[in-house]
Amino acid sequence: APPGSFWRFIYHSSSWYETYRSYNTAGFIQALSANLGTTDLLTINPAVTQVSLLSGVSSSMTLRGMPGGYNGQVVTLAVIGSSVTFITNSAGATDSFVVNTVGGTSAILTGSQSIIFVRTIAGTTAKWYEVKPFAIA
């Protein structure tokens with residue numbers, strides 16, 4: 001299957017059942033820690049629904065926000081490699097992450113895990129809110 005393809009399954013009564021399959025790669029991007037530069041921002045476009053975060057085998061990635069989305073956009077971020085630190089709950093920072101699962105100003109997602117965010121307006125500032133709770137590292 002090409003990059004960006006995915007399947008959804010449900011586990012029930014000791015068996016896995018496929019519920020969805022997609023070969024649409026238009027909404028898929030891969031991001032390397034080197035691509036984020038010094039700002040730690042991942043610019044996306046309105047078509048993006050899935051992001052593969054490639055942090056490297058022994059290094060970590062820091063992500064402060066995702067500018068470029070639209071209100072109501074849902075994006076699944078999958079961590080491939082070491083770990084990704086999300087800088088969270090930054091008051092006034094547009095397109096930053098708001099996470100209720102963990103307190104403080106950062107949340108870490110380890111390799112082979114995913115998180116789902118939805119973009120909404122909070123007052124006059126766009127924010128990405130967690131939909132699927134963080135699995136705390």
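The protein chain exposes about 7,400 Å², and carbon and sulfur atoms supply 56% of that area. Please keep in mind while reading that this is a predicted model. Of the 137 residues in the protein chain, 36% count as buried.

## Overall layout

The protein chain contains 0 helices and 9 strands, so the pattern read along the sequence is simply β-β-β-β-β-β-β-β-β. Contacts reach well along the sequence: taking those in the protein chain between residues at least 6 apart, 54% join residues at least 24 apart.

## How the strands pair

Let us begin with the strands toward the end of the list. Strand 8 and strand 9 run antiparallel and are joined by 7 bridges. Within this pairing, Thr120 has Lys127 of strand 9 as its bridge partner. The two strands form a hairpin with 2 residues between them, and Gly123 in this hairpin takes a positive phi near 70°.

Strand 9 (residues 125–132) also pairs with strand 6, here in the parallel sense and over 3 bridges. Val98 stands opposite Tyr129 of strand 9.

Strand 5 and strand 7 make an antiparallel pair with 5 bridges. Here Thr85 finds its bridge partner in Ile108 of strand 7. In a regular strand, side chains alternate between the two faces of the sheet. Strand 7 shows such an alternation: Ala107 and Leu109 point to one face and are buried, whereas Ser106, Ile108 and Thr110 point to the other face and are not buried.

## The nonpolar core

In soluble globular proteins, nonpolar side chains tend to be buried together. The largest nonpolar core in this model has 23 residues, and those touching the most other members are Leu42, Leu53, Leu63, Leu77 and Phe86. Two or more residues come from each of strand 4, strand 5, strand 7 (106–110) and strand 8. Strand 5 gives the most, with 5 residues.

Leu42 is a good residue to select in the viewer. Leaving aside residues up to four places away in sequence, Leu42 touches Ile29, Ala31, Leu36, Val51, Leu53, Leu63, Gly65, Met66 and Pro67. Two of these neighbours, Leu53 and Leu63, are also listed with Leu42 among the core residues that touch the most other members.

## Salt bridges

Side chains of opposite charge can pair when their charged atoms come close. A search of the whole structure finds 2 salt bridges, set out here with the distance between the closest N and O atoms.

| Acidic residue | Basic residue | Closest N and O atoms |
|---|---|---|
| Asp40 | Arg64 | 3.6 Å |
| Asp95 | Arg119 | 2.7 Å |

The pair of Asp95 and Arg119 links distant parts of the chain, 24 residues apart: Asp95 lies in the loop between strand 5 and strand 6 (96–98), and Arg119 in strand 8 (residues 114–122). Both Asp95 and Arg119 are buried.

Asp40 forms its salt bridge with Arg64. This pair, too, links distant parts of the chain, with Asp40 in the loop between strand 3 (28–32) and strand 4 (50–63), Arg64 in the loop between strand 4 and strand 5 (74–87), and 24 residues from one to the other. Why do Asp40 and Arg64 fall into separate accessibility classes? Asp40 counts as buried because its relative accessibility is 16%, under the 20% limit. Arg64 counts as partly exposed because its relative accessibility is 39%, between the limits of 20% and 50%.

## Positive phi outside glycine

Asp40 deserves a second look, as its phi is near 60°, a positive value in a residue other than glycine. Ser14 is also a residue other than glycine with a positive phi, here near 65°. Ser14 is found in the loop between strand 1 (6–12) and strand 2 (15–22). With 64% relative accessibility, Ser14 counts as exposed, whereas Asp40 is buried.

## A nonpolar patch on the surface

Which residues form a nonpolar patch on the surface? They are Trp7, Phe9, Tyr11 and Trp16, with about 500 Å² of accessible area together. Strand 1 supplies the largest share of this patch, 3 residues. Phe9 lies in strand 1 and, at 45% relative accessibility, counts as partly exposed.

Technical notes
Residues are numbered from 1 along each chain as its sequence is written. This is a predicted model: local features need pLDDT of at least 70, side-chain atom pairs count only at pLDDT 80 or more; totals for chains, interfaces and linings use all residues. Side-chain values use heavy atoms; hydrogens and water are left out. A salt bridge is a side-chain nitrogen of Lys or Arg within 4 Å of a carboxyl oxygen of Asp or Glu. Helices (H or I, at least four residues) and strands (E, at least two) are DSSP runs, numbered from the N terminus. Buried means under 20% relative accessible area, exposed over 50%, partly exposed in between (1.4 Å probe, protein chains only). A nonpolar core is a set of buried Ala, Val, Leu, Ile, Met, Phe, Trp, Tyr and Cys residues joined through side-chain atoms within 4.5 Å. Contact means heavy atoms within 4.5 Å. Two strands pair if DSSP finds at least two bridges between them. Accessible areas come from the Shrake-Rupley method with a 1.4 Å probe; for residues, only the protein chains shown count as cover. Patches are made of residues with over 30% relative accessible area and no salt bridge: like charges are joined within 9 Å, nonpolar side chains (Val, Leu, Ile, Met, Phe, Trp, Tyr) within 5 Å.
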